[in-house]
Amino acid sequence: MDELILWKEKLKEKGIRWTKQRSALLRVLLQIERPLSAQEIFIKLKKEGVNLRLSTVYRNLNCFKSNGVVRNLNFDEQKNKFELIKGEHHHHLICINCEEIRPLDCPLQQFETEVDQETDYAILEHRMKMYGICPNCQKNNNDL
Ligand SMILES: [Zn+2]
Ligand SMILES: [Zn+2]
């Protein structure tokens, strides 16, 4: 996977050693394009026959986090999810039932400029999350 090689370079630049474990973690995060918890990554790797301890997954995710490779999304204290920081600003659409998370493009750039001008604030950031019920969960509900 070409993208994985790019991340390998990125880690090198940040002075993070490239290990089999870190490569496996990044591969999963790249493959499944949504934020994942350590537990989810652990299970996915296990299914692929890669046996890492859950504590190893946590340790490496925390290393990634403190080096700006992933960010931590605290949707629920018990379910910290991690996503790769790819540089672009975006938002999240979250299913309240199964907690699937999809990225959304930002629709607020224009609005931010307007607020900035109207209020004389220097706007630094904004956050928006949208919640709903994903197509899958809607379908499953109809089946009941
Ligand atoms: Zn759902
Ligand atoms: Zn935005």
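**Two sheets and two domains in a predicted model**

In strand S6, lysine 129 is the bridge partner of histidine 92. This pair belongs to the contact between S6 and strand S4, which spans residues 90-95; the two strands run parallel and are joined by 4 bridges. The structure described here is a predicted model.

S4 and S6 form part of an open sheet of 3 strands, in which the order is S5-S4-S6 and the pairing is mixed. The edges of this sheet are taken by strand S5 (101-105) and strand S6 (129-132); each has a single partner strand, so one side of each remains without a neighbour in the sheet. On average, and with direction ignored, neighbouring strands of the sheet are turned by 25° against each other.

Another open sheet, likewise described by 3 strands, follows the order S1-S3-S2, and its pairing is antiparallel. Its edge strands are S1 (36-37) and S2 (70-73), each of which pairs on one side only. Between S1 and strand S3 (residues 81-84), which run antiparallel, there are 2 bridges. Along this pairing, leucine 36 stands opposite phenylalanine 82 of S3, and serine 37 is placed opposite lysine 81 of S3. On the side of S2, the antiparallel pairing with S3 comprises 4 bridges. Lysine 81 in S3 also appears here, as the bridge partner of leucine 73. Lysine 81 of S3 thus stands opposite serine 37 and is also the bridge partner of leucine 73.

The secondary structure of the protein chain as a whole consists of 6 helices and 6 strands. Read from the N terminus, the succession of elements is α-α-β-α-α-β-β-β-β-α-β-α. Helix H1 covers residues 2-13, and its 12 residues should span 16 Å at 1.5 Å a residue; the end C-alpha atoms of H1 lie 17 Å apart, in agreement with that expectation. H1 is followed by glycine 15, for which phi is positive, near 75°.

At the level of domains, the protein chain is divided into domain 1, comprising residues 2-84, and domain 2, comprising residues 90-143. A distance of 24 Å separates the C-alpha centres of domain 1 and domain 2. Contact between the domains involves 4 residues of domain 1 and 4 residues of domain 2. On the side of domain 1 that touches domain 2, the residues comprise 2 nonpolar and 2 charged, with no polar residues.

With regard to overall dimensions, the C-alpha atoms of the protein chain fill a box of roughly 55 × 50 × 30 Å when taken along the principal axes. Of the 144 residues in the protein chain, 15% are buried. Among contacts in the protein chain between residues at least 6 apart in sequence, 44% join residues that are at least 24 apart.

Key:
Residues numbered from 1 in each chain as written. Chains lettered and ligands numbered in written order. Predicted model: local features only at pLDDT ≥ 70, side-chain atom pairs only at ≥ 80, totals over all residues. Domains from an automatic or database assignment. Contact = placed C-beta atoms within 7 Å. Nonpolar A, V, L, I, M, F, W, Y, C, P; charged D, E, K, R; others polar. Expected span 1.5 Å × (residues − 1). Pairing = 2+ DSSP bridges. Buried ≥ 20, exposed ≤ 12 C-beta atoms within 10 Å, placed from the backbone. Axes fitted to C-alpha atoms, helices over the stretch in contact; angles between N-to-C directions.
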